[in-house]
Amino acid sequence: MPITTPSCTCAHEQLQGKTDEGFVKGAFKLLRDHLGFKLVITPAQFLEQGFAERKVLLLAAVLGSVRAIHAAAAKQERVRLHNACRQVRHSSSSNSSKRAIGGSCAQPAR
């Protein structure tokens, strides 16, 4: 599950299985209420032809916001795992435990 998903699902906004209009209205509600966006385009305008520049700007802002949420959540998760591994390594005293734990606490490849 992507890191951003829990952030969006906690808003309890169901978007799956809706019509285009229902999806856009739900997405706009999520953007307004959960992510704090001040939208300059209405859902009806978003679905109409035209307003291309505003649509692109909106989608770019949403992408930037989601990337920032993802980066912050990923950083918190890395810090949490690092601290948990440090705690486990310091609490164990035998070499065999350290070798077994070392595999699970290794840094992920980037």
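**Reading a helical model, value by value**

Student: Why is Ser65 called buried?

Tutor: Ser65 has a relative accessibility of 18%, and the word buried is used for values under 20%, so Ser65 counts as buried. Please keep in mind from the start that this is a predicted model.

Student: Where does Ser65 lie, and which residues is it in contact with once its neighbours within four places in sequence are left aside?

Tutor: Ser65 sits in helix α4, and, with those sequence neighbours set aside, its contacts are Leu35 and Phe37.

Student: What makes up the secondary structure of the chain as a whole?

Tutor: The chain has five helices and zero strands, which, read along the sequence, gives the pattern α-α-α-α-α. Of the 110 residues in the chain, 17% are buried, and the accessible surface comes to about 8400 Å², with 57% of it belonging to carbon and sulfur atoms. If one takes the contacts between residues at least 6 apart in sequence, 33% of them join residues at least 24 apart.

Student: How many salt bridges are there, and what makes Glu21 and Lys25 one of them?

Tutor: The count comes to three salt bridges. For Glu21 and Lys25, the closest N and O atoms are 3.1 Å apart, and since the rule asks for a distance within 4 Å, the pair is counted as a salt bridge. The two residues are four residues apart in helix α2, which spans residues 20-33, and are therefore separated by about one helical turn.

Student: Are Glu21 and Lys25 buried, exposed or partly exposed, and how do you know?

Tutor: Glu21 has 45% relative accessibility, and Lys25 also has 45%. Buried would need a value under 20% and exposed a value over 50%, so Glu21 counts as partly exposed, and Lys25 likewise counts as partly exposed.

Student: Why are Lys29 and Asp33 described with separate words for their accessibility?

Tutor: Lys29 has a relative accessible area of 37%, which falls between the cut-offs of 20% and 50%, so Lys29 is partly exposed. Asp33 has a value of 54%, which is over 50%, so Asp33 is exposed. The two residues form a salt bridge with their closest N and O atoms 2.8 Å apart, and they are four residues apart in helix α2, or about one helical turn.

Student: What makes Glu77 and Arg80 a salt bridge?

Tutor: Their closest N and O atoms are 2.6 Å apart, which is within the 4 Å that the rule allows, and therefore Glu77 and Arg80 are counted. Both residues lie in helix α4, three residues apart, about one turn of the helix. Glu77, at 34% relative accessibility, counts as partly exposed, and Arg80, at 47%, is also partly exposed.

Student: How do you know that Lys55 has no salt bridge?

Tutor: The nearest side chain of opposite charge is that of Glu48, 7.6 Å away, and because a salt bridge requires a distance within 4 Å, Lys55 has none, although it is buried. The side chain of Lys55 does reach the backbone oxygen of Gly50 at 3.2 Å, and since a polar contact asks for N or O atoms within 3.5 Å, that distance lies inside the cut-off. Lys55 belongs to helix α4, residues 52-91, and its contacts beyond four places in sequence include Ile41, Gln45 and Phe46.

Student: How many aromatic pairs are counted, and why is the pair of Phe28 and Phe46 called edge-to-face?

Tutor: The count comes to one aromatic pair. The ring centres of Phe28 and Phe46 are 5.8 Å apart, with the planes at 70 degrees; centres within 6.5 Å make a pair and planes over 60 degrees apart make it edge-to-face, so the name applies here. Because Phe28 lies in helix α2 and Phe46 in helix α3, residues 43-47, the pair ties together parts that are 18 residues apart in sequence. Phe28 has 4% relative accessibility and counts as buried.

Student: What phi does Phe51 have, and where is it found?

Tutor: Phe51 has a positive phi of about 55 degrees, although it is not a glycine, and it is found in the loop between α3 and α4. Its relative accessible area is 33%, which lies between 20% and 50%, so Phe51 is partly exposed.

How values were computed
Residues are numbered from 1 along each chain as its sequence is written. This is a predicted model: local features need pLDDT of at least 70, side-chain atom pairs count only at pLDDT 80 or more; totals for chains, interfaces and linings use all residues. Side-chain values use heavy atoms; hydrogens and water are left out. Buried means under 20% relative accessible area, exposed over 50%, partly exposed in between (1.4 Å probe, protein chains only). Lys and Arg count as positive and Asp and Glu as negative; His and the chain ends are not counted. A polar contact is a pair of N or O atoms within 3.5 Å; within protein, one must be able to donate a hydrogen and the other to accept it, and residues adjacent in sequence count only if both atoms are side-chain atoms. Contact means heavy atoms within 4.5 Å. Accessible areas come from the Shrake-Rupley method with a 1.4 Å probe; for residues, only the protein chains shown count as cover. Rings of Phe, Tyr and Trp (its six-membered ring) pair if their centres lie within 6.5 Å; planes under 30 degrees apart count as stacked, over 60 as edge-to-face and the rest as tilted.
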